Amino acid sequence: MAPFQPEGALMQSETTDPQRMEQLLRDAVRQIAGDGDLDRYIAWSRAHIPIELGVESELVEGEAERLAAMLGVAIWNATPRADNDWRPLVLTPPADDEPCFCGSDLRYRDCCGPLGPLPELPLELIWDLLIDDLPEEAMQEALRRRAVPDTLLAKVAERWLEHERPGRAAALLEPLFKGDIGALDGRYEPALDILCDAFDALDHWKKKHAFLLRVTDEGSRELKAAAWQRLTMMFMDEGELDYAGEAFEQALRQGPDNPSTALLEITLLAARHDDARARSRAQFWRHRLRRNGEADAGFLGFLEQAMIDPQEALVSSHSAAMDPLLLELCQWVRSLSALPPLAYQVETLDDPLPPGAGRQLSLFPDEQFLIDGAASSGAVGALLPNTRLRAVEREWHRVFPASKPYSTQLSALDDGALWDGEGWMRFLAAQPEAANSLDILDDLATALYEHPESSLPWVAHTLLGPLYQRALAIIEATIADTGVGALPWSAERNRPALRLLFRAYLHEAEAGRETAATAAVERLLALNPQDNHGARAELMNHYLRARSDQQALELARRFPDDLLADLAYGEVLALYRLGDQEHAARALSRAVDRLPRIPRFLLRKRIKRPVLDDAGFTPGGEDQAWLYREAMRDVWEAEPGLLNWMKKRLTA
């Protein structure tokens, strides 16, 4: 039989079952901290360690006890003690003729002595376990004595952060980065992340940004990669995907074989809705990391899922940290595709506008919206669910705590802390008819709009996309079944459908799916030509960017004297492109009469940004002019001679 080596047994155990080995170390550390008596601890080690390691049946008689004693003493020698100024109380091996410490009653030279020196365990390994169990007072004392290794201060700070003490967490970690941060290796990456989390909790975003830039300039390669990764996520959260892409390139340069870089790239591509590229890169990273042995089976499984559906893979990878109620709703939304849409009835309404009031029906040619070969009849109506569905909706409003948004806004007037209770989710699970209600789908869209995690692109893809598809299917089925031509906003029963159409447009536009976005907003304007949402401005700008100038001109002429800059000046741009400078000049004159500040904001290369109000803009004000400049100046500037032509016309 080969000689027994305790170090080999320890390493084999770590390799074959790391969780079992970690639990053994944790139990031993707790035994030492709780009792502190060496003899009782050795007895405990002899009784428990062979069983925990699973080697009691593999060794000849006596070897298991010697293994247990030696590993037990190795743990003892690495465990900091409160009664020894938070330093280990190291046991010196006995002399050859003295009794062995393992309790065998043999001399040391006849027992454990021939096995060689005691294994040495890293102090960081024991502190990593000890931090979890130390009470606050003991932890403070250990920190005062500088006993906790610097590489593990992040774990202490994380505990404080979880207990809503971000100031204390930041104060603990900031000194780590005061000196030469180029000397800090990858073991300090958790400290960087927790410090940034603390800055976020303290709303010290400028300080965090300056800190990360300093690390990208002065840090070691590992920390530079971590800082660039963090900056990439910051820019993604702010919707600055171009800046995020530049930061990611730096992260990739500093950490080309880092699994975190792989996850970041898939996340960034998903945020850009470039799923085809995300699938390709997932395949690349899976091959690279598997070849290099740089990723565990779980992450390789994520990459395999991302090769099929990157958005779904990201939802699954974040599920452990996501709101459980959101995950339940996700399962419910997934079931919608299997249900056929149920058409509404329509109650015919009188024309809500008197004759000659400028009602802008027939915004698009009738043949543009053929449904199963039949054209819209042009009838004005209000959506009317069937009797059963109305009863379901009444029950729904008893359990759903949030209010409807005010007018055309998208946020609830009062969210009723809806994500704190589960009653409405249980209702959905018990009432499959809820999937046919535009009223309920509208409320769910509002609920998701209020939830912070719904802003993540992969959550929007999984939840909002199917929700809007369901709503659109119900609306189209209703149009096909009833031939209704208009659903005015003035009829309150139409508002959930119209609000869902507008949300669907925003969802598709944000994803960069221009064709689907245009179809949604065109449908919205066809059903509600009064355009209470102001969607005509977005449609006009889309037409002009797509160089659909004739469609842009037709849209502008259906909204004469409009106070939206997009329509007034969009008409000018469309006419100029169509070569009709005479009518373009007349349109410019009319636009300047209504909105005189727009030209100055278009003509100047640089101009001071005015104060903006989240609630909206002032028609004719500088804030409106700035917003139009931001939206469309690049299109005006790209048209040869246009800005010079406008300048000459205004100075003539």
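Which residues form a nonpolar patch on the surface? That seemed a good place to start with this predicted model, and here are my notes.

1. The patch is made up of L612, F617 and L627, and together these residues have about 220 Å² of accessible area. If you have the structure open, do take a look at this trio on the surface.

2. F617 deserves a word of its own. You will find F617 in the loop between α28 (598-603) and α29 (622-638). With a relative accessible area of 35%, F617 counts as partly exposed, because that label covers values between 20% and 50%.

3. Turning to the interior, the largest nonpolar core has 112 residues. L329, W332, W424, L428, L438 and W636 are the members with the most contacts inside this core. Helix α21 (residues 457-482) is the top contributor, giving 11 residues to the core.

4. A second core, separate from that one, has 84 residues. Among them are L25, L129, A170 and I181.

5. Back to L438, one of the residues with the most contacts inside the largest core. Leaving aside residues up to four places away in sequence, L438 touches Y344, L383, A471, I474, I475, P496, A497 and L500.

6. Finally, a look at R66, which sits in helix α4 (residues 63-78). Again not counting residues up to four places away in sequence, R66 touches C111, C112 and L115. For a sense of distance, R66 and Q624 lie 558 residues apart in sequence, and their C-alpha atoms are 82 Å apart in space.

Note on methods:
Residues numbered from 1 in each chain as written. Predicted model: local features only at pLDDT ≥ 70, side-chain atom pairs only at ≥ 80, totals over all residues. Heavy atoms only, no water. Helix = DSSP H or I, 4+ residues; strand = E, 2+ residues; numbered from the N terminus. Contact = heavy atoms within 4.5 Å. Patch = residues over 30% accessible without salt bridge, like charges linked within 9 Å, V, L, I, M, F, W, Y side chains within 5 Å. Areas by Shrake-Rupley, 256 points an atom, 1.4 Å probe, with all protein chains shown as cover. Salt bridge = Lys/Arg side-chain N within 4 Å of Asp/Glu carboxyl O. Buried < 20%, exposed > 50% of the residue type's maximum accessible area, 1.4 Å probe, protein only. Core = buried A, V, L, I, M, F, W, Y, C linked by side-chain atoms within 4.5 Å.
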